[in-house]
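Please open the model in your viewer and keep the sequence panel beside it. The stops below go from the whole chain to single residues.

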Amino acid sequence: GRHLVVGRGTTLVVVDVGEPWAMTPVAELILPGLANHIVVDGGIAIIAVDRSGIVAVDISDPPRPVLMDVLDTPGRALRIAVSDGLAAVADSNGGLRLVDIGDSRRLQAVGSLETGEAVVDVTMVGRTVAFTDGDVHLVDATDSVRPEIVSSIGGGLTGLAMNGHHLIANIDGALAVLDVSDTAHPVTVIPSGFGGTSLGSYVVS
């Protein structure tokens with residue numbers, strides 16, 4: 001599309017990027033908390049807003065964004081991932097929280113997992129969720145009310161992304177790629193240390 005949605009502190013900003021050399025803000029919306037992470041699903045932006053949980057904003061009409069609902073979470077919503085009407089939230093000391101976002105006017109908390117450590121990042125494909133609390137845990141969320149950890153990977157993995165059956169992670173600044181097609185038995189495809197460079201974000205397609 002021709003619009004970019006960004007968080008600036010506690011403000012959601014919609015920017016017209018139709019002319020990249022002359023990007024123009026077209027709308028702003030005050031949020032109930034700090035915009036830590038934004039994921040756009042169709043015409044809805046799902047936003048992790050720190051101590052205020054998550055919010056859904058209708059951006060189908062970019063110049064007129066509308067706050068649809070707010071769902072508080074017990075911790076600090078740091079990162080969010082969305083797939084098939086389900087949001088997975090890295091909620092810091094609140095653990096992993098799963099939220100039904102099928103109706104953006106009525107966000108519903110469904111399931112959760114806590115490991116005793118702060119959950120700082122999350123990614124998902126379909127109903128497979130990966131989250132990190134220092135270790136990475138692979139979760140079967142087919143039953144979103146009763147998600148189950150099916151395997152865990154030690155080693156301080158952060159910066160998670162999933163592309164199909166591959167989990168991409170940052171281990172102390174180095175890239176690692178794991179095949180998680182069998183979530184109970186993940187296999188390293190590219191070991192930690194590949195490239196020898198610090199990597200903090202990934203583009204997957």
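Begin with the cartoon of the whole chain, where the secondary structure comes to zero helices and 19 strands; helices (H or I, at least four residues) and strands (E, at least two) are DSSP runs, numbered from the N terminus. This is a predicted model, in which local features need pLDDT of at least 70 and side-chain atom pairs count only at pLDDT 80 or more, while totals for chains, interfaces and linings use all residues. Residues are numbered from 1 along each chain as its sequence is written, and side-chain values use heavy atoms, with hydrogens and water left out.

Still with the whole chain selected, the C-alpha trace spans about 45 × 40 × 25 Å along its principal axes. Buried residues, meaning those under 20% relative accessible area (1.4 Å probe, protein chains only; exposed is over 50%, partly exposed in between), make up 46% of the 205 residues.

Next, select β8, β9, β10 and β11, which form an open sheet in the order β8-β9-β10-β11 with antiparallel pairing; two strands pair if DSSP finds at least two bridges between them. The edge strands are β8 and β11 (108-113), each of which pairs on one side only. Look closer at β8 and β9, which pair in the antiparallel sense over five bridges, and find Ala 81, whose bridge partner in β9 is Ala 88.

Now show side chains for the largest nonpolar core, a set of buried Ala, Val, Leu, Ile, Met, Phe, Trp, Tyr and Cys residues joined through side-chain atoms within 4.5 Å. Of its 15 residues, Ile 46, Ile 54, Ile 80, Val 99, Ile 101 and Leu 107 touch the most other members. The elements that give two or more residues to this core are β5 (44-48), β6 (54-58), β8 (79-83) and β9 (86-90), and β5 gives the most, with three residues.

Center on Leu 107, which touches (heavy atoms within 4.5 Å) Ile 54, Val 55, Ala 56, Asp 69, Leu 71, Val 99, Asp 100 and Ile 101, not counting residues up to four places away in sequence. A second, separate core of 14 residues is the next selection, and its members include Ala 81, Ala 90, Val 119 and Met 124.

Finally, go to Thr 11 in strand β2 (residues 11-16). Is Thr 11 buried or exposed? Thr 11 is buried, with a relative accessible area of 10%, and it touches Val 6, Glu 28, Leu 29, Ile 30 and Leu 31, not counting residues up to four places away in sequence.
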